[in-house]
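Thanks for coming, everyone. Let me put today's structure on the screen.

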Amino acid sequence: MIKLYDYPKSSAAYRVRIACNLKGVAYESIEVNLLNQDQQTEEYLRINPSGLVPCLIAEDGTVLSQSLAILKYLDQAFPNPPIFPRDPIGESLVWEMVLIIGCDIHPLNNLRVLQYIQKNLDANEQEKSDWYSTWIQRGFSGLEALTKKSPGVFCFGNSVTAADILLAPQMFNARRFNVDLEHFPNLVEIDRKLLKIAAFASAAPDA
């Protein structure tokens, strides 16, 4: 069975749980408590030298430690339902949305960055919150515009794609940090629909 080194409130791990649920892929969840620094233990670093979650060990023993690489693997190893369109243009447009969240928003707002600016740059709670909101709102501005141009009820068309898989965890985090979502009605509506899907609802961490 696939093994998933996981943490409930890690948005990157949340993505992988959603994808596994959508595809009906069974996995063993092994919690890595980020708040307890479990990701920095010698035992875990032997498995994943990056010291991050998620980390997936495929049935053949291959170790994958980046959520986007894991999503691509899952889509090829378990092709139904697809989470990336099979046509080049459609796939590229979904990747564009995925990368807005996966590259423009998330890396600036993950736990180790927030801890760094608080500890090393003496950011107070308000400054940390402002930092967090800034990068979500900038990224969401572009994503909102892209989803408005795309026909259908989800980020891209009428089927769930990897763009939706990244959106739901990022919306969860935005609400955790009280980010103002007033200017992103399309994203809010898409997220509302996604949370009604069992694969998304069952992957969600507790509030």
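I'll talk about one strand and its neighbours, then about a pocket.

A caution before we start: this is a predicted model.

Begin at strand 1, residues 2-6. Is this strand mostly covered or mostly open? Mostly covered: four of its five residues are buried.

Now its partners. Strand 2 covers residues 27-31. Strands 1 and 2 pair in the parallel sense, over five bridges. Take lysine 3 as an example: its bridge partner in strand 2 is glutamate 28.

What links up with these two strands? Helix 1, residues 11-23. Strand 1, helix 1 and strand 2 form a β-α-β unit, and the unit is right-handed.

Strand 1 also pairs with strand 3, residues 55-57. Here the strands run antiparallel, joined by three bridges. Look for leucine 4, which stands opposite leucine 56 of strand 3.

One general point on strands. When a strand is regular, its side chains alternate between the two faces of the sheet.

On to the pocket. The largest one has a volume of about 900 Å³. It is lined by 36 residues. Which of them lie closest to its centre? Leu34, His106, Asn110, Leu111 and Arg112.

Several helices give two or more residues to this lining, including helix 1 again, helix 4 (88-109) and helix 6 (125-149). Helix 5 gives the largest share of the lining, with five residues.

And the chemistry of the lining? It divides into 18 polar, 13 nonpolar and five charged residues.

That's my tour. Over to you.

How values were computed: Residues are numbered from 1 along each chain as its sequence is written. This is a predicted model: local features need pLDDT of at least 70, side-chain atom pairs count only at pLDDT 80 or more; totals for chains, interfaces and linings use all residues. Side-chain values use heavy atoms; hydrogens and water are left out. Buried means under 20% relative accessible area, exposed over 50%, partly exposed in between (1.4 Å probe, protein chains only). Two strands pair if DSSP finds at least two bridges between them. A crossover is right-handed if, with the strands pointing away from the viewer, the path from the first strand over the helix to the second runs clockwise. On a 1 Å grid over the protein atoms alone, a cavity is a set of points where a 1.4 Å probe fits but cannot get out, and a pocket is an open set with protein on both sides within 12 Å along at least five of seven lines; lining residues have an atom within 4 Å of a point. Grid points are joined across faces, edges and corners, and a volume is the space filled by probe spheres set on the points. Ala, Val, Leu, Ile, Met, Phe, Trp, Tyr, Cys and Pro count as nonpolar, Asp, Glu, Lys and Arg as charged, and the others, Gly among them, as polar.
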